[in-house]
Amino acid sequence: DVVPPDPTIPEIVFTPPQTTPFGFVEPPEFLSTMIEQSTAFPCDNNTITACFSVNTRVEPTLNIFDDGERVVTTTIYKNVTLSGLLGAAGPASGMINLFDADTPFASMGEWDLSTGTLMVAMENTLDSDEEVCFSFNLDNPSTSQGCQT
């Protein structure tokens, strides 16, 4: 059964790279998503945990460029973007630590306080139907706020 999205819950968005040499055989889609917080109290340090699974195997893309003189190999990582975390008091924008991260994720994510967005790189393969999670800390605002819509 498909549950309709709840506009008051932050959204997890899968962001593949702009270009890939071979593309996806099956476009990645979320099978499940879950977001929890440890506290709703003002001024508290709030642990946010996000978990999800996808319908297809997702791997970092190996990009090989040969200009005739040399071969350059780079890895293009896929990103998972968690958005809708508006109203947090902190931390300031920049890199923040992730913890309890399952295998595919980097140890840090790029946080943007003004947009309430966290982007996390997937550095290793994510298998289809495998639920993976990561957690991070945000500071709750000093006053309560209404639901985000």
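Rings of Phe, Tyr and Trp are taken to pair if their centres lie within 6.5 Å. In this predicted model, ring pairs link F30, F52, F105, F134 and F136 into a cluster. The structure holds 4 aromatic pairs, and two of them are described here.

The first to consider joins F52 and F105. Their ring centres are 5.9 Å apart and their planes meet at 70°, so the pair is edge-to-face. This pair links distant parts of the chain, with F52 in strand β3 (residues 45-54) and F105 in strand β8 (residues 105-112), 53 residues apart. F52 counts as buried because its relative accessibility is 0%; F105, at 7% relative accessibility, also counts as buried.

F105 takes part in another pair, this time with F134. Here the geometry is again edge-to-face, with 5.0 Å from centre to centre and 65° between the planes. Distant parts of the chain are linked once more: F105 belongs to strand β8 and F134 to strand β10 (residues 132-139), 29 residues apart. Both F105 and F134 are buried.

Turning from the rings to a loop, T39 is found between β2 (30-37) and β3. Despite the loop setting, is T39 buried or exposed? With a relative accessibility of 12%, T39 falls under the 20% cut-off and therefore counts as buried. Setting aside neighbours within four places in sequence, the residues in contact with T39 are D44, N45, N46 and N140.

Definitions and conventions:
Residues numbered from 1 in each chain as written. Predicted model: local features only at pLDDT ≥ 70, side-chain atom pairs only at ≥ 80, totals over all residues. Heavy atoms only, no water. Phe/Tyr/Trp six-rings, centres within 6.5 Å; stacked < 30°, edge-to-face > 60°. Helix = DSSP H or I, 4+ residues; strand = E, 2+ residues; numbered from the N terminus. Buried < 20%, exposed > 50% of the residue type's maximum accessible area, 1.4 Å probe, protein only. Contact = heavy atoms within 4.5 Å.
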